[in-house]
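Trainee: I am new to this structure and would like to look closely at a single part of it. Could you take me through the open sheet and what packs around it?

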Amino acid sequence: MLCDNCKERDSVVTLTRSDAQGVTELHLCEKCAAERGIETQLTAPKQPLTDFILAVQKQLPTTTVMESSRCSFCSSTLRDFKNTGRLGCSYCYAAFESSLRDLLRRVHGHSRHQGKRYQPPLPRVAEGATVLAELRDRLRRAIEQEQFEEAARLRDQIKVLE
Amino acid sequence: MLDLSLLPDGGVSWLDASGEHAGIVLSTRIRLARNLEGFAFPGRARDGERLRVLSLVREAVDSSPSMESHLLVRVDDLPPEDRLLLHERHLVSKELAGLDQQHPVRSGAAVFLGDGMGVMVNEEDHLRLQALRSGFALAEAFAAIERVDEELGARVPFAYHPEFGFLTSCPTNTGTGMRASVLIHLPGLVLTKEIGKTLNGLQQMGLTYRGLYGEGSEVVGNFFQISNQTTLGRSEEEIIDQLMYVLRTVISREEDARRVLLRDAGYIIEDKLWRAYGTLRYARSLSFDEAMNYLSGVRLAVGLKLISGLSVYTLNKLLIFSQSAHLAHAEGRPLTESEANLVRARYVRQLLADEAGLNG
């Protein structure tokens, strides 16, 4: 059967989606499936965590340079993550962004959040100076981590308070 | 000693068998993993950081209308038997209770217990919000947890990334941070040997199953905890809708299997289930697994209307209160395994006799 998307290559994977409206099937070739972030080689893991850790170990480059790069906030390394399956802090997501993006795609079949959007609360104005200092500190960290969207948001918050 | 009667709902309103399909679905649970911006995750944080997180969360919970009446339990101050009691009551995870050898109890480990709602602090993530409801009640549990999430998220800054969503210690929870699960009793599918097919089907739909106590636990008494496996790439509503749709199918398959059992093996099943009831009514020593298996039979007999006058609520209570830490708590002293078996059998006999007496 031809791929429903490109109508060129043979389909290798069937995407079944079921909801209240019923069941729909989409037949995709490897390339079109990959474009949608669907891993055609992966079967549903029976032991999510074990499979996940194995995936981590397979996924991460074995070069020691990568493994020993550190998160500047909590000083965890990729090697620590490989050993425990847990990240040290939320800034690790920026520090190891490209490895994690691949891993998330592998584990979830997607790497982009589609759920609830969230805006953290503005710091209370009463606390004035310390809040500004904290925000400037976060801004400096965001820039260091090349989290530019976050940095822009913090810069706007600082402007408002100033 | 920990006094659970202080809880707003005694911590057991989810047992009252009031929800939809309560004979088959024991309970519905939804949990959200959240972390506070600016602190290392609990596994990496220093003692002082975890205590600071707890005090920030405490301020937020204290001013949150949905958590108006709540009890704060400092899990890190409790002796092991009380931590086990909370875990058996499904109020804290094994990790928070420090029962896992890999993860001894952490300083700052605590839980805020509200009405059908809990907020664990310093578990694998800074916050694990959970809503627990009786029966099949995904929509209701979701609405409740959404409220608490909104209220807390407006009071403390959660770690959030525009591309990856809510950031969690383990990337298996990143995105929505949501795990929605339903504790379901499937003896019909087990006895007709259809269960393997059903569970395989679940996995193909991106769902997963576990035992009575969640991650890493064995399936006992034909109880399965079915939940979504992935948390990224779909919205919370899509995850809930899919789970709801699949579970309706599972429930109707279980009902079909029960009809088949009665039709094709009526007297054999009837005999087996009455024997299970007889054992629970008269046994002098019962291990936990044994009690679970007989209770599963009796639960099925009640579902098939072979045994009348026995409520699902009583059966639910037996599941929770016949666990070791609960028995020791009721006796007011630690019990060896063989003592616990004797006490368990006595407790089960008593509760079933009371119920039989009440209903003639």
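Mentor: What follows goes through the sheet strand by strand, then turns to a helix beside it, the cores and the other chain.

This is a predicted model, in which local features need pLDDT of at least 70 and side-chain atom pairs count only at pLDDT 80 or more, while totals for chains, interfaces and linings use all residues. Residues are numbered from 1 along each chain as its sequence is written, and chains are lettered from A and ligands numbered from 1 in the order in which they are written.

The open sheet has eight strands in the order S2-S3-S4-S5-S1-S8-S10-S9 of chain B, with antiparallel pairing. Here helices (H or I, at least four residues) and strands (E, at least two) are DSSP runs, numbered from the N terminus, and two strands pair if DSSP finds at least two bridges between them. Strand S2 (71-74) and strand S9 (207-210) of chain B stand at the edges with a single partner strand each, so one side of each has no neighbour in the sheet. From one strand to the next the twist averages 20 degrees; axes are lines fitted to C-alpha atoms, for helices over the stretch in contact, and angles run from 0 to 180 degrees between N-to-C directions.

At one edge, S2(B) is joined by four bridges to strand S3 (residues 110-114) of chain B, and the two run antiparallel. Within that pair, B:Val73 stands opposite B:Val111.

Further along the order comes strand S8 (residues 178-185) of chain B, which is joined to strand S1 (residues 25-34) of chain B by seven bridges in the antiparallel sense, with B:Val25 having B:Ile184 as its bridge partner. S8(B) also pairs with strand S10 (223-228) of chain B, again antiparallel, over five bridges, and there B:Ile184 has B:Phe224 as its partner, while B:Leu183 stands opposite B:Gln225.

A residue counts as buried if 20 or more other C-beta atoms lie within 10 Å of its own, exposed if 12 or fewer, and partly exposed in between, with C-beta atoms placed from the backbone. Eight of the eight residues of S8(B) are buried, so this strand is largely enclosed by the rest of the structure. In a regular strand the side chains alternate between the two faces of the sheet. In S8(B) both faces are covered, with B:Met178, B:Ala180, B:Val182 and B:Ile184 buried on one side and B:Arg179, B:Ser181, B:Leu183 and B:His185 buried on the other. S10(B) has six of its six residues buried, so it too is largely enclosed by the rest of the structure. At the other edge, four bridges join S9(B) to S10(B) in an antiparallel run, and B:Arg210 stands opposite B:Gln225.

Beside this end of the sheet, helix H5 (195-204) of chain B lies across S9 and S10 of chain B, running at about 135 degrees to S9(B). The buried residues of H5(B) are B:Ile195, B:Thr198 and B:Leu202; seen down the helix axis they fall within an arc of 65 degrees (the arc of the directions from the axis to the C-beta atoms), so they line one face of H5(B). An α-helix has 3.6 residues a turn, so residues three or four places apart point the same way. These buried residues pack against helix H4 (187-191), S9, S10 and H6 of chain B, whereas B:Gly196, B:Lys197, B:Asn200 and B:Gln204 are exposed on the other side of H5(B). Just after the helix, B:Gly206 takes a positive phi of about 80 degrees.

The largest nonpolar core has 96 residues, of which B:Val75, B:Val111, B:Val121, B:Ile145 and B:Ile184 touch the most other members; such a core is a set of buried Ala, Val, Leu, Ile, Met, Phe, Trp, Tyr and Cys residues joined through C-beta atoms within 7 Å. Its largest share, seven residues, comes from helix H3 (residues 138-153) of chain B.

Finally, 40 residues of chain B are in contact with 32 residues of chain A, where contact means C-beta atoms, placed from the backbone, within 7 Å. The elements giving two or more residues to this side of chain B are strand S6 (160-161), helix H5 (195-204) and helix H6 (236-282) of chain B, and H6(B) gives the largest share, four residues.

How values were computed
Two residues are in contact if their C-beta atoms, placed from the backbone, lie within 7 Å.
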